[in-house]
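Colleague: Could you take me through one small part of this model at close range? I would like to see what surrounds a single residue, and then how that spot fits into the rest of the chain.

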Amino acid sequence: MTRTPRTFSHIGLSVPDLDAAVKFYSDVLGFYVVMAPSEAVEDDSAIGVMCTDVFGPGWGSLRIAHLSTADGIGIEIFEFPGNYAPEDNLEHKRHGTFHFAVQDPDIEGLAQRIVESGGRQRMPVREYFPGSKPYKMVYVEDPFGIVFELYSHSYELTYSAGAYE
């Protein structure tokens, strides 16, 4: 059997204000809105049954929107009733997902737009291979505390240079 790499489909984000999140991710990051905010309720509809399978009985309702990056990766944004912020926005030692990354050739400019839109730059912009290759990164937060990373170049270009020196 041949092992074939799979494509990445989407990531799901939970936010306290769906409308504000859709505005941020479409205005600041340029993601396309492919499904405007709507409500899903616990009922016998296809989405209602799927959500019950995922969240268990008694989930009630939620708001959801779907966005897409320029290369077709989905950003599924949820607003759950009773949502709450984590104590630590970057629990890097906790097993599970702790960030995602977005690529932009002008990460300094994008980081500034994120800050101007209510987000946060968590660190200075850093180079992976100073003086050798122009690959840069920076960690940021959206206005809702979701941590993500900005890359100046593609993932495979950044890491194909080999081990860190």
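Modeller: Gladly! A word on terms before we start: strands here are DSSP runs of E, at least two residues long, numbered from the N terminus. Please keep in mind that this is a predicted model.

Let's look at glutamate 76, which sits in strand β4, spanning residues 74-79. What is the nearest side chain of opposite charge to glutamate 76? That would be arginine 63, but it is 14 Å away. A salt bridge needs a side-chain nitrogen of Lys or Arg within 4 Å of a carboxyl oxygen, so glutamate 76 has none, although this residue is buried. What the glutamate 76 side chain does have is a polar contact of 3.1 Å with the side chain of histidine 10. Histidine is not counted as a charged residue here, so that pair is listed as a polar contact.

Now for the wider neighbourhood. Leaving aside residues up to four places away in sequence, glutamate 76 touches His10, Ile11, Gly12 and Leu13, as well as Ile64, Ala65 and His66. His10 to Leu13 fall within strand β1, residues 10-14, while Ile64, Ala65 and His66 fall within β3, residues 61-68.

Strand β1 deserves its own look. In a regular strand, side chains alternate between the two faces of the sheet. Along β1, Ile11 and Leu13 point to one face and are buried, whereas His10, Gly12 and Ser14 point to the other face and are not buried. β1 pairs with β4 in the parallel sense, over five bridges. Within that pairing, histidine 10 stands opposite glycine 74, and serine 14 has phenylalanine 78 as its bridge partner.

Stepping back, these strands belong to an open sheet of four, in the order β1-β4-β3-β2, with mixed pairing. The edges are β1 and β2 (32-41), each of which pairs on one side only. From one strand to the next, the twist averages 20°. Helix α1, residues 18-27, lies across β1, β2, β3 and β4, and runs at about 5° to β3.

Finally, the whole chain. There are four helices and nine strands, and 35% of the 165 residues count as buried, glutamate 76 being one of the buried ones. Among contacts with a separation of 6 or more, 56% link residues 24 or more positions apart.

Methods
Residues numbered from 1 in each chain as written. Predicted model: local features only at pLDDT ≥ 70, side-chain atom pairs only at ≥ 80, totals over all residues. Heavy atoms only, no water. Buried < 20%, exposed > 50% of the residue type's maximum accessible area, 1.4 Å probe, protein only. Polar contact = N/O pair within 3.5 Å; in protein donor to acceptor, adjacent residues only side chain to side chain. Contact = heavy atoms within 4.5 Å. Pairing = 2+ DSSP bridges. Axes fitted to C-alpha atoms, helices over the stretch in contact; angles between N-to-C directions.
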